[in-house]
Amino acid sequence: MVTVSDTKVTWLTQDAYDRLKHELDEMIENRPVIATRINDSREEGDLKENGGYHAAREEQSQAEARIRYLQELLRSAKVGEAPADDGTAGPGKVLTVRYDGDDDEENFLLATREEGAEGGIDVYSPESPLGKALLGAKEGEARQYELPNGKTQKVTLVKAVPYIKA
């Protein structure tokens, strides 16, 4: 479970930490494969018109960026338990909300994109306008936040429960 506090510390359950560590290890192991592809493409001749070379370089660039991101995330992560089931909105919880003027309810996970990467639930960042507005709200409490068009939207927290990966 990934959760973020005001100090930008990333909290992970052991399951999420293990999953991200496994991804990092696989990406590091794959470095020689990408390097071989670059070298093989380089030997094909003119680099200006060598699509395979440029594709391999782009893949290498993206992989290295992801490796750096995961290394930093895991280096500064605090591994702990899932958040308390206390009815308060916070990172690592599935929130059920109702928007003012709408009878329908919406469910989403309040977490970083890393946690929601494998689930079928929408993920909203605690740093998003809606996420910031709901942080600390108790079930039944109404909050408001600013929409991209400058208008204000009122939202009521119906339920907040810890995220349990299916």
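A salt bridge here is a side-chain nitrogen of Lys or Arg within 4 Å of a carboxyl oxygen of Asp or Glu. By that rule R66 pairs with E23, and their closest N and O atoms are 2.8 Å apart. The pair joins distant parts of the chain, since R66 belongs to helix α3 and E23 to helix α1 (residues 14-29), with their positions 43 residues apart in sequence. The two partners sit in unlike surroundings: R66 has a relative accessible area of 18% and is therefore buried, the cut-off being under 20%, whereas E23, at 24%, counts as partly exposed. All of this is read from a predicted model.

A search of the whole structure turns up eight salt bridges, and two others are worth a look. R37 and E59 meet through their side chains at 2.6 Å, N to O. This pair, too, links distant parts of the chain: R37 is in helix α2 and E59 in helix α3, 22 residues apart. Both ends are partly exposed, R37 with a relative accessible area of 36% and E59 with 29%. Then there is R98, which forms a salt bridge with E105, the closest N and O atoms again lying 2.8 Å apart. R98 is partly exposed at 32% relative accessibility, and E105 is partly exposed as well, at 44%.

Stepping back to the overall layout, the protein chain has five helices and eight strands. Along the sequence they come in the pattern β-β-α-α-α-β-β-β-α-β-α-β-β. Of its 166 residues, 36% count as buried. Contacts between residues at least 6 apart in sequence were also sorted by separation, and 52% of them join residues at least 24 apart.

Helix α2, home of R37, gives a simple check on geometry. Its twelve residues (31-42), at 1.5 Å a residue, should span 16 Å, and the C-alpha atoms at its ends are 17 Å apart, so expectation and model agree. Which residues of α2 are buried? They are I34, I38 and S41. Viewed down the helix axis, the buried residues fall within an arc of 70 degrees, and so they line one face of α2. What covers them includes α3 (51-76), the helix that also supplies E59 to the salt bridge with R37.

Turning to the strands, five of them make an open sheet in the order β6-β5-β4-β8-β7, with mixed pairing. The edges are taken by β6 (123-124) and β7 (142-146); each has a single partner strand, so one side of each is left without a neighbour in the sheet.

At the β7 edge, five bridges join β7 to β8 (residues 152-162), and the two strands run antiparallel. R143, for instance, has V155 of β8 as its bridge partner. β7 and β8 form a hairpin with five residues between them, and G150 in the turn has a positive phi of about 95 degrees. Q153 is a residue of β8 that counts as buried because its relative accessibility, 17%, falls under the 20% limit. What does Q153 touch, leaving aside residues up to four places away in sequence? Its contacts are Y99, D100, R143, Q144, Y145 and L147.

At the β6 edge the point of interest is a pair of rings. The structure holds one aromatic pair. It is made by F108 and Y124, whose ring centres are 4.2 Å apart and whose planes meet at 20 degrees, so the pair is stacked, as planes under 30 degrees apart are. F108 lies in strand β5 (residues 105-110) and Y124 in β6, so the pair ties together parts that are 16 residues apart in sequence. Are the two rings' residues buried or partly exposed? F108 is buried, at 0% relative accessibility, while Y124 is partly exposed, with a relative accessible area of 24%.

Technical notes:
Residues numbered from 1 in each chain as written. Predicted model: local features only at pLDDT ≥ 70, side-chain atom pairs only at ≥ 80, totals over all residues. Heavy atoms only, no water. Helix = DSSP H or I, 4+ residues; strand = E, 2+ residues; numbered from the N terminus. Expected span 1.5 Å × (residues − 1). Buried < 20%, exposed > 50% of the residue type's maximum accessible area, 1.4 Å probe, protein only. Arc of directions from axis to C-beta. Contact = heavy atoms within 4.5 Å. Pairing = 2+ DSSP bridges. Phe/Tyr/Trp six-rings, centres within 6.5 Å; stacked < 30°, edge-to-face > 60°.
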